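Reader: Hello! Could you take me on a close look at the charged side chains here and tell me how they pair up?

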Amino acid sequence: MTLRQGVTTAAMLAILLLAWWGMRAGWEHRRRRTEAAAPVLPQVPDDPGPATFGPLESVYVSSTRAGDWLDRVVAHDLGVRSRAEVSVHATGVLVRRAGARDLFLPAQTLRGAGTARGIAGKVVSRDGLVVLTWLPPGADDERGLDTGLLPRHAADRDALVDAVAALIPDTPAATLGTQEKP
């Protein structure tokens, strides 16, 4: 290796390390900024009761501030995409995630259920994502959060929306998601 090649290699490594550091710093800044949207997550119950729907295989895509499909919330692992198993119980929706913290959305926190074309981290054809709108305890923003799930089987989408909508008081049928369409 010549001196010129060594300098070029060192410069490229420095640029890569700087880029990695910048991405990491940006993620940490977003985490701190979005903690206000979900200061505390609901506790996952040891026994949520019998499932009224599911479990079904899914991908947890992300959570965003409700109505803003690109404003990803990364606090409390909410920005971590992961394989998931989703089940609906009389007490709420349980999302068991591989490689990230499980998520439980108590029935009283749910505000809406619907489908959308996209959420931060994933855009699909038509309305392929299930979006659950909920208000975390102690949140500073009354809009709440939108949580995107991509069921493995398309046939499960509408059934999941209907099962979650049945938990929401004064909701005769599934509500349209609050997502802006990309």
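Author: Happy to; here are the salt bridges, followed by a charge over a ring. This is a predicted model, in which local features need pLDDT of at least 70 and side-chain atom pairs count only at pLDDT 80 or more, while totals for chains, interfaces and linings use all residues. Residues are numbered from 1 along each chain as its sequence is written, and side-chain values use heavy atoms, with hydrogens and water left out.

Side chains of opposite charge can pair when their charged atoms come close. Taking a salt bridge as a side-chain nitrogen of Lys or Arg within 4 Å of a carboxyl oxygen of Asp or Glu, the count is three. One of them joins Arg152 to Glu57, at 2.8 Å from N to O. Arg152 sits in the loop between strand S9 (145-151) and helix H2 (155-165), and Glu57 in strand S1 (residues 51-65), so this pair ties together parts that are 95 residues apart in sequence. (Helices, H or I, of at least four residues and strands, E, of at least two are DSSP runs numbered from the N terminus.)

For surroundings, buried means under 20% relative accessible area, exposed over 50%, and partly exposed in between, with a 1.4 Å probe and protein chains only. Arg152 is exposed at 57%, and Glu57 is partly exposed at 45%.

Another salt bridge links Asp71 with Arg65 at 3.0 Å, N to O; both Asp71 and Arg65 are buried. Arg96 and Asp102 also meet in a salt bridge, at 3.0 Å from N to O. Here Arg96 is partly exposed at 35%, and Asp102 is partly exposed at 24%.

Finally, Arg97 lies over the face of Tyr60, 4.2 Å from the ring centre. A charge sits over a ring if NZ of Lys or CZ of Arg is within 6 Å of the ring centre and within 35 degrees of the ring normal.
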